[in-house]
Amino acid sequence: MKQIIGFLFFFVSIILSAQNLTLSDKELKQKLDSIKTEGNLLYSYENASWHAGDLVGSNKRLAENTGSYVTYQKNDTIKTSFLNKAGNMIIAELSFKNNQTKPVKENFKERGLNETESILKNIRSAIIPQLSDPKYSVTVPQGYSLNMIIIPFNENYKVYLIPGTVQSGIIPFGNDYLFVSDKKGNIISHKKFHSRLIPTSTALENGGTVTMSTHSHLVTNPFISATDICTFKLYAPLTTLEEFSVLSTALGSYIKYNYKKDNIEVVKNP
């Protein structure tokens, strides 16, 4: 893919006529900073889920008795707790800090669910059957999965669905969703960030490697998304890529994200 060059920052007032939205350079920066913060939060949850899942999966006794799991934040720690198959007891709890790959604490003593775990379990159980409603257009392409991330949001909860894959050399952008539910898991609102799955290969047929990944967003989704950032941070370390960009047709610009610098730049489309 062609690498974006000529780092000319597009920090002028931008009018998004399709949304009747006017953004100054300051407002654009605030918007992108907010998206980046949300993306990093999603990543911290999914990073903990990934590595906790690998550890529990490598333990034969736990793997045979594990049902679902819940991941949540407590102070400066992200916890992933695994339920037994009956769903009434916690059989493993792993705690992570600073997005590390190894837990700072492991607890394999069986116990009952705390209030947070009970709420998250019930929301997950209530949300899943609702996703089959055609109005949500939730799909799971062959070779991919959908991972659920549940985050408190005022008096409600944000329920993100982001794609996952075990295919080597693929970054699964797209096919990502956001639902807002109440404490009982009833869906209040929903949004689909991309119209389809955008599996991005990081290897070329001639044996070379991709140096830049780019996909485009429609006017109705003018910014880089928190799910874009989360997905890239999860899969990029498995590749040689350090950054990707989104072509915003609404802004007429590329929005670039570098995961090592944790930095967003806006570059005018040449």
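## Aromatic pairs

Two rings of Phe, Tyr or Trp count as a pair if their centres lie within 6.5 Å. By that rule, a search of the whole of this predicted model turns up 10 aromatic pairs. A pair of aromatic rings is described by two things, the distance of the centres and the angle of the planes.

Let's start with Phe 173 and Phe 244. Their ring centres are 5.0 Å apart and their planes stand at 40 degrees, so this pair is tilted; the tilted class takes in angles that are neither under 30 degrees nor over 60. The two rings bring distant parts of the chain together: Phe 173 belongs to strand β9 (residues 170–174) and Phe 244 to strand β14 (residues 243–248), 71 residues apart. Phe 173 is buried, with a relative accessible area of 0%, and Phe 244 also counts as buried, at 0% relative accessibility.

Tyr 177 and Phe 179 make a stacked pair, because their planes meet at 20 degrees, with the ring centres 6.4 Å apart. Both of these residues are buried.

## A cluster, and a charge over a ring

Phe 173 and Phe 244 come up again in an aromatic cluster, which they form with Phe 232, Tyr 257 and Tyr 259.

Tyr 69 is worth a look for another kind of contact: the charged end of Arg 124 sits over its ring, 5.1 Å from the centre.

## Helix α3

Arg 124 brings us to helix α3 (residues 115–130), which has 16 residues. From its first C-alpha to its last, α3 reaches 23 Å, close to the 22 Å expected at 1.5 Å a residue.

Which residues of α3 are buried? They are Glu 117, Leu 120, Ile 123, Arg 124 and Ile 127. Seen down the axis of α3, the buried residues fall within an arc of 130 degrees, so they line one face of the helix. The general geometry helps here: an α-helix has 3.6 residues a turn, so residues three or four places apart point the same way. On the other side of α3, Glu 115 and Pro 129 are exposed.

## The whole chain

Stepping back, the protein has four helices and 16 strands. Of its 270 residues, 47% are buried. Among contacts between residues at least 6 apart in sequence, 53% join residues at least 24 apart.

As for confidence, the mean pLDDT is 89, and 90% of the residues reach 70 or more. Residues 1–21 are a stretch to read with that in mind: their pLDDT is below 50, and beyond near neighbours in sequence the stretch has 51 contacts in the model.

Methods
Residues numbered from 1 in each chain as written. Predicted model: local features only at pLDDT ≥ 70, side-chain atom pairs only at ≥ 80, totals over all residues. Heavy atoms only, no water. pLDDT = per-residue confidence, 0-100. Contact = heavy atoms within 4.5 Å. Phe/Tyr/Trp six-rings, centres within 6.5 Å; stacked < 30°, edge-to-face > 60°. Helix = DSSP H or I, 4+ residues; strand = E, 2+ residues; numbered from the N terminus. Buried < 20%, exposed > 50% of the residue type's maximum accessible area, 1.4 Å probe, protein only. Lys NZ or Arg CZ within 6 Å of the ring centre and 35° of its normal. Expected span 1.5 Å × (residues − 1). Arc of directions from axis to C-beta.
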